[in-house]
Each structure stands twice: as C-alpha cells, then as structure tokens.
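Let's walk through this two-chain complex together, beginning with confidence and ending with a few individual residues. Please keep the model open as you read.

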Amino acid sequence: MYGKGLRPLSIATVAMLALSLSLVAFYAPLDADQGFIQKIFYLHVPLAITALVGFIVGGVFAIAHLRSGNAKWDAYSYVSIHMSVIFGAAVLITGAIWAKASWGHWWVWDEPTLVSFLIVFLLYATYYPFRYAIEDRDRQARYASVFAITAGAFVPLNFMAVRMAQSLVHPRVFATANGGLPGSMLLTFLCSLAAMALLWVTLVKFELTAKSASGQVKRLRRALDAPAPGNTSRIAPEVS
Amino acid sequence: MLELATLLPIGSPALPLDEAGKYVAGAYIVFVLLLVIYVGIMAAKLQRIEREMRELASFAEQRKQNEQRDEVNA
C-alpha cells in the first residue's frame, strides 16, 4: 500500500510550493549585495539540501536492506537515490544559472562547493550502470546497498570538508560567522526547504506506488501464466 | 586563486532587475520543466501499467471462456 496517504501529501506539497513561491515573489526582501538574482537561492539551496539528505536517506534504507534482507528497503533506497539524482541535476542547472548571472561564468572549477557537489552527483550517476551490470536480482540489491551506504557516508564527510575549506567566492546561506539570514529571508528559506522536502517525499511515494503497481501486474501475469511483455526493466528493483 | 579573484566581479553591485529577471525566471522555469518531464514519464509508466492490466484482463477472460467451452464439449 505505497499509495496510502498520497493524496493529502500531494495537496500539502502543492500548497507548500505555492506558499513558498508567494513568499519568494512578494515577501522576501531584495538582497542588499546581490539584488534580485539572490531569489534563485530559495530554489537552488533547498534543492541541494534535499538532494544531499536524500542520498543519506538512501544509504539508511540500504542499511535496513542489508540487515533485514527485505527487498522493500532496496526499493526505498533505489527510489531515494533516483529522486536525489534528479534533484541534483536541478541543483547543478540552477546553480550554473546563478553563477552566470553573479560571476559571469557558468562554472568555476576552483570553487570547492561546486566541484564537490559535481563529484557527489557523478558518483551517484554511476549507481545505475552499477546496478544494470549485475544480472542476479539478489546480488544486484546487495551490491547496490553496499554502494548506497558507502556513498551515503561520503556525502556528510564531503559536505563538512567543503564547509571547512576556505571558499573564495561561493556564498554561505547559513554563515558560520558574521550572522546568518535576516528573519524574513529565513522564513522564506525555511518554507522553500519544507516545500522541497515535501516534494521529494511525494515524488518518492509516487515512484514507489508506480513500481508497486508494476510489480503487482507481474505477479498477476505469473499467477495467470500469461506471456510476458517484451520490455521489462532490469535496473529497477521489483516491489511486491 | 588570485587570477580567479580578478576574473569574478566580487563585491560588484547587483544586476539591474531587467537583466537579473531573465536568470531568475530561467532557474524557476528549469525547475518547472524538470517537474513536467517527470510527470510526463510517470504518465507514460501509468499508461503502460494500464495497457498490461487490460491485456491480463483479456487473457483471463479468454482463458475462462476456453475452460467453459472445454467443459461443455466434455
């Protein structure tokens, strides 16, 4: 029953997205230094935080899978990572747009925050061919879980290393010194973060529900001894 | 690093609204586009599941009809 609670969750997500967009457009003041371009941060930073937390969550589900052997947790881990990779792509694109407007360059290779996020993104991009390379479903799930745990542990280490590095140009949203965001900006940012987190959870649930429905169809096909369709995915884990 | 510092307009005044607006709009449009593409992919998945369910229903009905015909013939 992966679809349980999906409707209220979807409504809450849409409402939260609408609220955060309204706050960004009408409530949050213009940044004294960056001006209007800073409004991208209400999209870019929550997407980045959600994507990174999603990668860690994928690792936690992978631990549950290795401990219990239940394929359900592998599916949760797979979908969490899948969704975070999509969010990660959005982070890279929105970040590049902001960089072009603010720095005059789409990408700066000397900046640790950018390059470290790209490394994390590329690391997780290898998750799909890694899964695809293994034929046996059980082995595939086990190896993918080990990958998810290792990569998931790398994410906070990587984040801390970058945070401690003396960054030259990339701004810090929550400054470690000289104060943080003013109240109205912080409220808008927190609403945006909540909206992105809700969107992530909703999309994960949608994906799991679709996989579950697909799994039920396969079960029905097997029970009826019906001929199998031509195109079945070898990458995605089955959800029963 | 010093070269980079000279390249980037650190501490330069904010972009004027007419110039910054297109970048902000671009970022939000990218986000919406990704969402729409995702919804499109989910819709395609849903269509495939529906088609498979329809095939299975026809298969089950066909099999039931065949069994009934066999019983009548026997």
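## Confidence in the model

pLDDT is the predictor's confidence in each residue, on a scale from 0 to 100. You will want it at hand here, since this is a predicted model. Chain A has an average pLDDT of 87, and 89% of its residues score at least 70. Among the helices of chain A, confidence is highest in α2(A), at a mean of 95, and lowest in α6(A), at 89.

Chain B averages a pLDDT of 80, with 77% of its residues at 70 or above. Some caution is due for residues 4-11 of chain B, where pLDDT stays under 50. For that stretch the model has 11 contacts beyond four places in sequence. For the complex, the predictor gives an ipTM of 0.81 and a pTM of 0.84.

## Two helical chains

Chain A is built from seven helices and zero strands, so a trace from the N terminus reads α-α-α-α-α-α-α, with helices taken as DSSP runs. Of its 240 residues, 40% count as buried. Among contacts in chain A with a separation of 6 or more, 80% are between residues 24 or more positions apart.

Chain B has two helices, again with zero strands. Buried residues make up 7% of its 74 residues.

## Helices α2 and α3 of chain A

How does the span of α2(A) agree with what its 28 residues should give? At 1.5 Å a residue the expected span is 40 Å, and the end C-alpha atoms are 40 Å apart, so the two agree. Just after α2(A) comes Gly69(A), which has a positive phi, near 80 degrees.

α3(A) has 33 residues and reaches 46 Å from its first C-alpha to its last, close to the 48 Å expected. This helix is mostly covered, with 24 of its 33 residues buried. Gly104(A) follows α3(A), and its phi is positive, near 85 degrees.

## Where the chains meet

The contact between the chains takes 34 residues from chain A and 29 residues from chain B. On the chain A side, the elements that give two or more residues are α2, α3 and α7 (183-224). By class, that side has 23 nonpolar, six polar and five charged residues.

## The largest nonpolar core

The largest nonpolar core has 64 residues. Those with the most contacts inside it are Ile40(A), Leu47(A), Phe55(A), Phe87(A), Tyr23(B) and Ala27(B). At least two residues each come from α1 (6-27), α2, α3, α4, α6 and α7 of chain A, and from α2 (17-73) of chain B. The helix that gives the most is α3(A), with 15 residues.

Which residues does Ile40(A) contact, leaving aside neighbours within four places in sequence? In chain A they are Thr94(A), Ile97(A) and Trp98(A). In chain B they are Tyr23(B), Val24(B) and Ala27(B).

## A closer look at α6 of chain A

Helix α6 (residues 137-164) of chain A has 28 residues and reaches 41 Å from its first C-alpha to its last, close to the 40 Å expected. Its buried residues are Gln140(A), Ala141(A), Ala144(A), Ser145(A), Phe147(A), Ala148(A), Ala151(A), Gly152(A) and Val155(A). An α-helix has 3.6 residues a turn, so residues three or four places apart point the same way. The buried residues of α6(A) pack against α2 (41-68), α3 (71-103), α4 (112-125) and α5 (127-132) of chain A.

Two residues of this helix make a useful pair to inspect: Phe147(A) and Arg142(A). Why does Phe147(A) count as buried? The cut-off is 20 or more other C-beta atoms within 10 Å, and Phe147(A) is buried because it has 21. Not counting residues up to four places away in sequence, Phe147(A) touches Tyr127(A) and Phe130(A). Its C-alpha atom is separated by 16 Å from that of Gly69(A), 78 residues apart along the chain. Arg142(A) has 17 C-beta neighbours inside 10 Å and so counts as partly exposed. The C-alpha atoms of Arg142(A) and Tyr132(A), 10 residues apart along the chain, are separated by 13 Å.

Definitions and conventions
Residues are numbered from 1 along each chain as its sequence is written. Chains are lettered from A and ligands numbered from 1 in the order in which they are written. This is a predicted model: local features need pLDDT of at least 70, side-chain atom pairs count only at pLDDT 80 or more; totals for chains, interfaces and linings use all residues. Helices (H or I, at least four residues) and strands (E, at least two) are DSSP runs, numbered from the N terminus. The expected span of a helix is 1.5 Å times one less than its number of residues. A residue is buried if 20 or more other C-beta atoms lie within 10 Å of its own, exposed if 12 or fewer, and partly exposed in between; C-beta atoms are placed from the backbone. Two residues are in contact if their C-beta atoms, placed from the backbone, lie within 7 Å. Ala, Val, Leu, Ile, Met, Phe, Trp, Tyr, Cys and Pro count as nonpolar, Asp, Glu, Lys and Arg as charged, and the others, Gly among them, as polar. A nonpolar core is a set of buried Ala, Val, Leu, Ile, Met, Phe, Trp, Tyr and Cys residues joined through C-beta atoms within 7 Å.
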